[in-house]
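This report describes a protein chain through its helices, its strands and one chosen residue. Look at the sequence and the structure first, then read on.

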Amino acid sequence: MLKLLTLLSLLVASAVSFGSTEVARVRRHSLDTAPNGWDIHSADPHPSQDITLHIGLKQQFFDLLVDSLYEVSDPDHERYGQYLSKEEVENLVRPHNTSLQAVDLWLQHAGVDLTSVSRTPAKDWVSVTVPVSLAERLVGAKYSKFQHRSTGRMVVRTLEYSVPLSLNDHIDCIQPTTYFGSSKFTPPLSVEKRQVPSGTSPSGPSIPQSCSDPDGYVTPACLADFYHFSNYIPKNASKNKIGVALYLGSFLTNADLQQYLQSYRPDAVNTTFELTNVTGSATFSDSEADLDVETVIALTHPTPVEVYSVGNADEPDNTNEAFLSWAMFTLNQTNPPNVISTSFADTESEIPFDYADRLCNAIAQLGARGISIIFGSGDGGVDNSGCSTVTNSTAFQPSFPGGCPFITSVGGTVGFSPERAVGGPGSLANYIGSGAGFSNYFSRPQYQEQAVDAYLKNLGSTYSGFYNASGRAFPDIAAQSSNFPIVQDGEVSADSGTSASGPLVASIISLLNDYRLSIGKPPLGFLNPWLYSKGFQGLNDILIGQSEGCSGRGFNASIGWDPVTGLGTPDFVKLQKLVS
């Protein structure tokens, strides 16, 4: 993993001990201004207002964990499928005792009662709730209140932070500081449902009859027929489970779920899900929740579904960024779902590298335990940050965690004959383009070297300088992503985006896991080494479309892997044979 620094570390003071008025400090990250869309609020937080700091300590043997992750995920390795236990993973990421003692001493000297400190089982994250005035001394910075321009969401953040020089080798990151949280988590004040474009009901000899919906919806029956899993009946509901993560109070009502199932999966009526409250509580009906959960239940029934509820949109975010909360909680679960779909996306450059690195590390820990983590690649093509600040000379803006090498990133397609990428001339989808790109933070992993090299050789000098040709490339795979029916507040409408294709692919992987369990094999776990070495043979190569960003710029789909639809879209029957 490429260890790039977001900013040059600077010494910003010049004393020597925790007991001194000043200590030598190292600046870890700073921003010139608040991220796009955020404004400083007139009222600063009261000095006595509580804020919960999460301190990521150096993980002692993380490199060994990554070695194990790749060995148990490589279908040609003798350890394939021999996943690590929760305790084995925790032992590998546990910080050195020197780091634990140094951080405890620092907190004690600041006046923190160590009995109030909470720690993850591996002790690699330390959480402490303190007044803002004390937090400012700990991180060497001034906190302020910021407000999101379009949603009104309030957060308490700072534009820079530092750590004592003596702790620089012991601490990876501290949050919440300079990361403001993903706008993907921020619900709109008034939900605008995306309707079906006119004239999109497909027809043609190679298209299943179930895909000719009179209202233009791409229904669960259509998806099951088109990707050839309509005849598969799950057999291992007692051993298999799929998870969906929802953020900032996003939720769906049981009435909406039952109405949806009555229309699109009648045999699953009265099915529900296991609700796990991570932080906060579900507070509002949201199309994201309807899309994710309704799709997964309809496609995987009777497989159990666990829904994680993370955060609360009605309260200022003074505690944590939602994805970190979910990751820490899931790592502490004894038996998490075998595959988890989570809709989380932000612009990579707006996340401090050290924090992005630790979030990516958390995904690696889950992968080493045999858990598949699925993310949509984004809906803005190569320009994840939007077009308001983009010019013809602006470099492409990849998303995070699309560039994390330990996730499976899912792009979006539309249409059936032919199936094509979302984006570019002739695209009938109602979002810009399948999210795609090359990370500026993470180097290209070995498992995709051959596939990506072939694409770049054909690309030549096109867009040279606009992307990092040596970065982790995404997406890895793609699927239908447009005009999925949802029921929200009793009304049927359509929703689209890689927030649709992600849960769809997660559902197909869950069915493959069910099949493997039925023949005495373990779940697929971290998918990418298998996808790039063998699984691609069970995918449909997509040759039309573009990862369209601003002003029509973006990579084109082509033969083999491409930064639009990855390796292609799934054919369940072919994949089932490959995983046997």
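## Two helix pairs

The axes of helix α1 (residues 62-73) and helix α9 (residues 353-368) cross at roughly 45° and come within 9 Å of each other. That angle makes α1 oblique to α9, because it falls outside the ranges that count as roughly parallel, roughly antiparallel or roughly perpendicular. The crossing of α1 past α9 is left-handed. On the α1 side, the contact is made by Phe62, Leu65, Leu69 and Val72. On the α9 side, Asn361, Ala364, Gln365, Gly367 and Ala368 take part. The model behind these values is a predicted one.

Another pair is formed by helix α6 (residues 254-264) and helix α7 (residues 287-300), which pack at an angle of about 45° with their axes 10 Å apart. α6 and α7 are therefore oblique to each other. What is the hand of the crossing of α6 and α7? The crossing of α6 and α7 is right-handed. The residues of α6 that make the contact are Asp256, Leu257, Tyr260 and Leu261. From α7 come Asp290, Glu294, Thr295, Ile297 and Ala298.

## The chain as a whole

The protein chain has 13 helices and 27 strands. Of its 580 residues, 60% are buried. The chain exposes about 21,700 Å², and carbon and sulfur atoms supply 50% of that area. Among the contacts with a separation of 6 or more, 80% are between residues 24 or more positions apart.

## Strands and their partners

Three strands form an open sheet in the order β2-β6-β7, with antiparallel pairing. β2 (38-40) and β7 (154-157) stand at the edges and have a single partner strand each, so one side of each is left without a neighbour in the sheet. On average, neighbouring strands of this sheet are turned by 35° against each other, direction ignored. Within the sheet, β2 pairs with strand β6 (residues 144-148) over three bridges. One residue of the pairing is Asp39, whose bridge partner in β6 is Gln147.

Strand β5 (residues 125-131) is mostly covered, with five of its seven residues buried. β5 pairs in the antiparallel sense with strand β3 (residues 50-57), and strand β4 (residues 118-119) also runs antiparallel to β5. In the hairpin of β4 and β5, five residues lie between the strands, and Lys123 takes a positive phi near 65°.

The table lists three strand pairs, each with its bridges and one pair of bridge partners.

| Strand pair | Bridges | Partner residues |
|---|---|---|
| β2 and β6 | three bridges | Asp39 and Gln147 |
| β3 and β5 | seven bridges | Ile51 and Val130 |
| β4 and β5 | two bridges | Ser118 and Ser127 |

## One residue in a helix

Ser510 lies in helix α11 (residues 498-518). Is Ser510 buried or exposed? Ser510 has a relative accessible area of 0%. A residue counts as buried under 20%, so Ser510 is buried. Which residues is Ser510 in contact with, leaving aside its neighbours within four places in sequence? They are Asn240, Ile242, Thr300, Thr303 and Val339.

Key:
Residues are numbered from 1 along each chain as its sequence is written. This is a predicted model: local features need pLDDT of at least 70, side-chain atom pairs count only at pLDDT 80 or more; totals for chains, interfaces and linings use all residues. Side-chain values use heavy atoms; hydrogens and water are left out. Helices (H or I, at least four residues) and strands (E, at least two) are DSSP runs, numbered from the N terminus. Buried means under 20% relative accessible area, exposed over 50%, partly exposed in between (1.4 Å probe, protein chains only). Contact means heavy atoms within 4.5 Å. Accessible areas come from the Shrake-Rupley method with a 1.4 Å probe; for residues, only the protein chains shown count as cover. Two strands pair if DSSP finds at least two bridges between them. Axes are lines fitted to C-alpha atoms, for helices over the stretch in contact, and angles run from 0 to 180 degrees between N-to-C directions. Angles under 35 degrees count as roughly parallel, over 145 as roughly antiparallel, 65 to 115 as roughly perpendicular and the rest as oblique. A crossing is left-handed if the near helix is turned anticlockwise from the far one by less than a right angle, and right-handed if clockwise.
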